[in-house]
Amino acid sequence: MFEEPEWAEEAPVVADLGSVALRPRTTADSQIKGSKRRQLLATLRALEAASLPQQPPSLPGSDEEDEEEVVERKKKRPKKVLFASASPEVEKKRKKKRQKQGPPSSDSKEEEVERKKCHKGALLGNDFAEEEKRKRKCQKQDPSNPAQPLDNVDRTGSKAWNSSAANDSTKPSPETPCSNPPHSLSRKQWRNRQKNKRRQKNKFRLPQPPEQASVTAAAEETEVPPAPSPDSHGARAEALRARMAQRLDGARFRYLNEQLYSGPSSAAQRLFQEDPEAFLLYHRGFQSQVKKWPLQPVDRIARDLHRRPASLVVADFGCGDCRLASSIRNPVHCFDLASLDPRVTVCDMAQVPLEDESVDVAVFCLSLMGTNIRDFLEEANRVLKPGGLLKVAEVSSRFEDVRTFLGAVTKLGFKVISKDLTNSHFFLFDFQKTGPPRVGPKAQLSGLKLQPCLYKRR
């Protein structure tokens, strides 16, 4: 019927050559030497490689025969029986076994429940697989009628979702294989889609007719914002005025403070005599700064004097508002450049109206200001009794070297009794008068030059 291919004739030759390669050597093979032997070995190796199994080319008409054989083999193969579609005979055998075993226990009941669940899952799985096949078949048969779009499905709402879920659970009938399948969105995706649609709908307003739009536009143009009440205007103006006044006071306080530290006490006294309100302004700013400290030095000095006899006479150099005199029972002489209290004696602290050796305690509480600090300490030495007490409290940032300051004070006729450097804002020193100054008026005391306490603009 058909011609035999060439490979069919060559196959026996390959087999013979293979047999030749595997047979034992004879006496004739041993006689072959040199190049002939090598050529024979190479030929044998090539023939051995060619004798490996190869797939013969397909013959015309053999494909049809193979397909028929595969179909017959599939028909003869026994079909796999699913767990869901068990035969009635198997069910009867199971019932008999259960009757023999007796009443089911709690464990057997749980196993039965699990078996039923598996049975239902298998049924649903089969239904799902058949539904997928039906969808593909419909798409192939009728490509002009695509599946229902998602937008239309979304419009149906929750009722359509419930009905589609019910249709999915039931088995599709073979009479309507090409019905529209339900959408494949999950419940969460469907809810998000509905939520986004509602947002988009509320985002834009419905178009108004032109007449109504013109009326609303005219109404918006004619609307006038309510005029602010005069009370609100007055309150704002008052707040602005107070804020500006506070800034001006702060600027003036910084200027006055700089003048007090950069010049002698006589110039400061003239400044306050020409402008009496300036001292009040300075004192107010000074108190606002000191209130921020955890402990005020005047309170510390008053506490120390409470431990001493109340008969001691005290001279307060730079008393301010006479807070120390109001805090202790001792008689106090109050001196300052201007008066904020009737008890204050206005004078230059380098020349106080007191007799020599007339007081027991001299106090300088944050008042060593100006460039003539030596004059203040010499005046304190003059008015103090022998063995009198000198108390000094000053801002800690003014001292470059505390030791040099103490050495300069001892040269003016004092002895250091105690010092307190623990506070973060001020240092406190106690001296005792030992006699008149040990240096002349022309001697230079570099330790008495303290840094000015200047406040930065905030």
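Helix axes here are lines fitted to C-alpha atoms over the stretch in contact, with angles taken between N-to-C directions. Everything shown below comes from a predicted model.

**Close-up 1. Helices α12 and α13 cross at roughly 110 degrees.** Here we're looking at α12, which covers residues 265-274, and α13, which covers residues 276-290. Their axes come within 4 Å of each other. Angles of 65 to 115 degrees count as roughly perpendicular, so that's the label for this pair of helices. Who touches whom? On the α12 side you'll find F272, Q273 and E274. They meet P276, A278 and F279 of α13.

**Close-up 2. Strand β2 pairs with β1 and also with β3.** Start with β1 (residues 314-317), which runs parallel to β2 (residues 332-336), with 4 bridges between them. To get your bearings on that side, find A315 and its bridge partner in β2, H333. Now turn to the pairing of β2 with β3 (residues 344-346), which is parallel too and has 3 bridges. The landmark here is F335, which sits opposite T345 of β3. If you're following side chains along the strands, remember that in a regular strand they alternate between the two faces of the sheet.

**Close-up 3. F317 and F364 stack ring on ring.** The structure has 12 aromatic pairs in total, and this view picks out one of them. The ring centres of F317 and F364 are 4.6 Å apart, and the planes are 15 degrees from each other, which makes the pair stacked. F317 belongs to β1 and F364 to β4 (residues 359-365), so the two rings tie together parts of the chain 47 residues apart in sequence. How accessible are these two side-by-side residues? F317 has a relative accessible area of 0%, and F364 likewise comes out at 0%. Buried means under 20%, so F317 makes the cut, and so does F364.

**Close-up 4. A cluster of phenylalanines includes an edge-to-face pair.** F399 and F405 meet edge-to-face, with 5.1 Å from centre to centre and 75 degrees between the planes. Both F399 and F405 are buried. Zoom out a little and you'll see ring pairs linking F399 and F405 with F427, F429 and F431 into a cluster.

**Close-up 5. A hairpin connects β6 to β7, with N423 in its loop.** Strand β6 (residues 414-420) pairs with β7 (residues 426-433) in the antiparallel sense, over 6 bridges. One handy marker is K415, whose bridge partner in β7 is Q432. The hairpin gets from β6 to β7 through 5 residues. N423 sits in that loop, so is it buried or exposed? Its relative accessible area is 18%, which makes N423 buried. Follow the N423 side chain and you'll find that it reaches the backbone nitrogen of H425 at 2.8 Å. A polar atom of that side chain also lies 3.4 Å from the backbone nitrogen of F426.

**Close-up 6. Helix α16 is largely enclosed by the rest of the structure.** This helix covers residues 373-383. Why call it enclosed? Because 8 of its 11 residues are buried. To find them in this view, look for I373, R374, F376, L377, E379, A380, N381 and V383.

Terms used
Residues are numbered from 1 along each chain as its sequence is written. This is a predicted model: local features need pLDDT of at least 70, side-chain atom pairs count only at pLDDT 80 or more; totals for chains, interfaces and linings use all residues. Side-chain values use heavy atoms; hydrogens and water are left out. Two strands pair if DSSP finds at least two bridges between them. Helices (H or I, at least four residues) and strands (E, at least two) are DSSP runs, numbered from the N terminus. Buried means under 20% relative accessible area, exposed over 50%, partly exposed in between (1.4 Å probe, protein chains only). A polar contact is a pair of N or O atoms within 3.5 Å; within protein, one must be able to donate a hydrogen and the other to accept it, and residues adjacent in sequence count only if both atoms are side-chain atoms. Rings of Phe, Tyr and Trp (its six-membered ring) pair if their centres lie within 6.5 Å; planes under 30 degrees apart count as stacked, over 60 as edge-to-face and the rest as tilted. Axes are lines fitted to C-alpha atoms, for helices over the stretch in contact, and angles run from 0 to 180 degrees between N-to-C directions. Angles under 35 degrees count as roughly parallel, over 145 as roughly antiparallel, 65 to 115 as roughly perpendicular and the rest as oblique. Contact means heavy atoms within 4.5 Å.
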